[in-house]
Amino acid sequence: QVQLVESGGGLVQAGGSLTLSCAASGRIFTINTMGWYRQAPGKQRELVAHIASGSNGNYADSVRGRFTISRDNAKNTVYLQMNSLKPEDTAVYYCNFEIVQGIQVYNYWGQGTQVTVSS
């Protein structure tokens, strides 16, 4: 089994910063893509950013230039540095890992962490 544990959410004023992290543990051979999604109340879950091993991050237009995704393969961890936060960034943020186990590839989700940006 693989477990993803997120941390770093919270309440911040507009213009502030937060850093989210998500660490995977368990039976892991290789992690292909690591990503962050978010879901605001009444809205569908949307991709925020994702990063493949050895590549730069890709971002949603709404966060490009403000958010930075990075990964530490040795720690099986992905980070999301969020700067210049806006009230519309308020959502539950979920990490997602595409993990190779043997000859199979599986998607795993974190439990979600709340980010609230006050105006």
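This passage walks through a predicted model of a protein, from its overall build to a few individual residues.

The protein is built from strands: eleven of them are present, with zero helices. Read from one end of the sequence to the other, the pattern is therefore an unbroken β-β-β-β-β-β-β-β-β-β-β. With a radius of gyration of 14 Å, close to the 14 Å that the globule rule gives for 119 residues, the protein is as compact as a globular protein of that length. Taken along the principal axes, the C-alpha atoms fill a box of roughly 45 × 25 × 25 Å.

Of the 119 residues, 41% are buried. Many contacts reach far along the chain: among those with a separation of 6 or more, 54% involve residues 24 or more positions apart. The accessible surface of the protein amounts to about 6,300 Å², and carbon and sulfur atoms supply 47% of that area. As for charge, there are 9 positive and 7 negative side chains, and the centres of these two sets lie 2 Å apart.

Some of these charged side chains pair up, and the count of salt bridges comes to four. One of them joins Arg 38 to Glu 46, with the closest N and O atoms 2.7 Å apart. The two partners differ in how much of them can be reached from outside. Arg 38 has a relative accessible area of 5% and is therefore buried, as this is under 20%. Glu 46, by contrast, is partly exposed, at 36% relative accessibility.

Another salt bridge brings together the side chains of Asp 61 and Arg 64, at 2.6 Å from N to O. Here Asp 61 is exposed, because its relative accessible area of 64% is over the 50% limit. Its partner Arg 64 is partly exposed, with a value of 48%.

A further salt bridge links Asp 89 and Arg 66, whose closest N and O atoms are 2.8 Å apart. This pair connects distant parts of the chain, since its members are 23 residues apart: Asp 89 sits in the loop between strand 8 (77-82) and strand 9 (91-101), and Arg 66 in the loop between strand 6 (57-59) and strand 7 (67-72). Both ends of this link are covered: Asp 89 is buried, with a relative accessible area of 0%, and Arg 66 counts as buried at 10% relative accessibility. Through salt bridges that share partners, Arg 38, Glu 46, Arg 66 and Asp 89 are joined into one network.

Backbone geometry offers two further points of interest. Most residues other than glycine have a negative phi. Asn 76, although not a glycine, has a positive phi of about 50°. Asn 76 belongs to the loop between strand 7 and strand 8 and is partly exposed, at 22% relative accessibility. Ser 84 also has a positive phi, near 50°, and is likewise a residue other than glycine. This serine is found in the loop between strand 8 and strand 9, where Ser 84 is partly exposed with a relative accessible area of 42%.

Two more residues help a newcomer to find the way around the model. Arg 27 lies in the loop between strand 3 (18-26) and strand 4 (30-39). With a relative accessible area of 48%, Arg 27 is partly exposed, because this value falls between 20% and 50%. Once neighbours within four places in sequence are set aside, Arg 27 is in contact with Gln 1, Val 2 and Gln 101. Ala 14 is 13 residues away from Arg 27 in sequence, while the C-alpha atoms of the two are 39 Å apart in space.

Trp 109 is part of strand 10, which covers residues 104-109. This tryptophan is partly exposed, with a relative accessible area of 39%. Not counting residues up to four places away in sequence, Trp 109 touches Leu 4, Tyr 37, Arg 45, Tyr 94, Cys 95 and Asn 96. Leu 80 and Trp 109 are 29 residues apart in sequence, and 15 Å separates their C-alpha atoms in space.

Terms used. Residues are numbered from 1 along each chain as its sequence is written. This is a predicted model: local features need pLDDT of at least 70, side-chain atom pairs count only at pLDDT 80 or more; totals for chains, interfaces and linings use all residues. Side-chain values use heavy atoms; hydrogens and water are left out. Helices (H or I, at least four residues) and strands (E, at least two) are DSSP runs, numbered from the N terminus. Buried means under 20% relative accessible area, exposed over 50%, partly exposed in between (1.4 Å probe, protein chains only). Contact means heavy atoms within 4.5 Å. The radius of gyration is taken over C-alpha atoms; the globule rule is 2.2 Å times the number of residues to the power 0.38. Accessible areas come from the Shrake-Rupley method with a 1.4 Å probe; for residues, only the protein chains shown count as cover. Lys and Arg count as positive and Asp and Glu as negative; His and the chain ends are not counted. The place of a charge is taken as NZ of Lys, CZ of Arg, CG of Asp or CD of Glu.
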